[in-house]
Amino acid sequence: MIEVKDIVKSFDGRTVLHDVSATFYTGKTNLIIGQSGSGKTVLMKSLVGLLQPDSGSILFDGRDIVTMPAHEVKELRKEIGMLFQGSALFDSETVLGNVMFPLVMFTDKSREEMLDRAHFCIRRVNLTGAENKYPSEISGGMQKRVAIARAIALNPKYLFCDEPNSGLDPKTSILIDELLSDITHEYGITTVINTHDMNSVLGIGENIIFINKGRREWVGDMTQIYTTANEALNDFVFATELFQQVRNYVKANGTVKHQDQK
Amino acid sequence: MLISNSLATFGRYCLFMKRVFALPDRWGVFGRRTVAEVSKLGIDSIPLVIVISLFIGAVIAIQMQLNITSPLIPAYSVGLATRDIVLLEFSNSILCLILAGKVGSNIASEIGTMRVTEQIDALEIMGVNSSNFLVLPKIIAFVLFMPFLVIICIGTSLIGGYLVAVFTDIISVSRYVYGLQALFNEWYVWYGLIKSLFFAFIIASVASFFGYYVKGGALDVGKASTNGVVSSSILILLFDVILTKLLLQ
């Protein structure tokens, strides 16, 4: 579990995060949503230690990354997997090389054991057969899946995903969402997803944190979001005619078929 | 303003170098990356060094012959002057200015692209010291391989002059070869090699620094690459003066 307590972050005198508190639960897909410029990327970067908050604490199962000495942060990072918006795969490495990378850098396993683990992760994201391809030779969706395989190679306790669906077609987006949700439940990972994608919000949002103008405005899950009275959240999530119709349907019928109810 | 900016940049460069010269996380990975960089930065530069050296060596020999027309100056001076120009300046300073363009822009654009595509962030989040992981193998590889490039440059340049003697009638082969051997000072070779080590460090470290701190997109990677080449070229010229004063006087 990750607990964020009263974090404040400013840039050049402009406060981007105002006393934000939130809890990200183990074994759940935790979503951070909000408009562009609302501060959710700053929150995500603060969570993974790429930005240092001005005040407040970020507890990874009780360990505060804000006040932790550098060598402990380095150790903690071995428990973190991250999926970047642009995948951030190493161009000079093949798919297998990318997935092997954290194993080579941080484990003392034999080469055979590392290969076994890498092939297992590649199979898990349904990329068998693409091991020897370079990132430039595969599609955006496949790149995202390689990045997921790399992120789970070390069995992380925490998985962070920054806009995992950006640049993907709707069908591939759903596949990535399902994969992230399955992995979260299968391995009991604390998954935090920063997203704009309303399909993700309504499909896999087990714990949704809505950030508006640098403040945490709402917390709930994908069922509660249909009946929220929060105006800013309603404007954000149900901005399109289609989603408004979905909300009206759910309000009238009291339910909606989710991916996990197949 | 300019001075304070320069000092701030120098301070950041020093802090960057402190991170670069940390102990590698994995010596095996470091070794493999260093060998790969030797191939990419060093061996891949050999064709360029050979082509440039051959032609410049030939040009130096022709120009020496054209300028040394006094009957009081012995004819073998063409070989002697060609040799000393190559040993003292061309094979190290000028060669490194040329390599600052090729290798420097290669390093800055590679690391800059990794920065803007979040590959460096990915390394940092994994707990890898990205500056050490990416930059140290480049610096070590290029500094170690530079003496070989200098020696190749010296040999090829002198062959360029020799070919002028063979294929033209402006100087005889025997006088050119005699000039190459006359009044030879071994220290000039060491002087060139020592200078080249400093220049190789400047090229690799300065280009890496500019690439590592890129912010923005593809346009900014291009700017960083240009800044890396310009800054390392100026530093090479500055250190050329300092090292010449220290080593030759």
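The following questions and answers concern chain A of a predicted model.

Visitor: How many helices and strands are there in chain A?
Guide: Chain A is a predicted model. Its secondary structure comprises both kinds of element, and the count is nine helices and 10 strands.

Visitor: What radius of gyration does chain A have, and what would a compact globule have?
Guide: The C-alpha atoms of chain A fill a box of roughly 55 × 45 × 30 Å along the principal axes. For 262 residues, a compact globule would have a radius of gyration near 18 Å. Chain A agrees with this, at 19 Å.

Visitor: Which strands stand at the edges of the six-stranded open sheet?
Guide: The order of the strands in chain A is β6-β7-β8-β3-β9-β10, with mixed pairing. Two of these strands each have a single partner, so one side of each is left without a neighbour in the sheet. The edge strands are therefore β6 (80-83) and β10 of chain A.

Visitor: Do β7 and β8 of chain A run parallel or antiparallel?
Guide: Strands of a sheet pair through backbone hydrogen bonds, in one of two directions. Five bridges join β7 (residues 158-162) to β8 (residues 190-195) in chain A. Within this pair, Cys161(A) stands opposite Ile193(A). The two strands run parallel.

Visitor: Which residue in the turn between β9(A) and β10(A) has a positive phi?
Guide: Strands β9 (residues 207-212) and β10 (residues 215-220) of chain A run antiparallel and are joined by five bridges. One bridge pairs Ile209(A) with Val219(A). The two strands form a hairpin with two residues between them. The residue with a positive phi, of about 50 degrees, is Lys213(A).

Methods: Residues numbered from 1 in each chain as written. Chains lettered and ligands numbered in written order. Predicted model: local features only at pLDDT ≥ 70, side-chain atom pairs only at ≥ 80, totals over all residues. Pairing = 2+ DSSP bridges. Helix = DSSP H or I, 4+ residues; strand = E, 2+ residues; numbered from the N terminus. Rg over C-alpha atoms; globule rule 2.2 N^0.38 Å.
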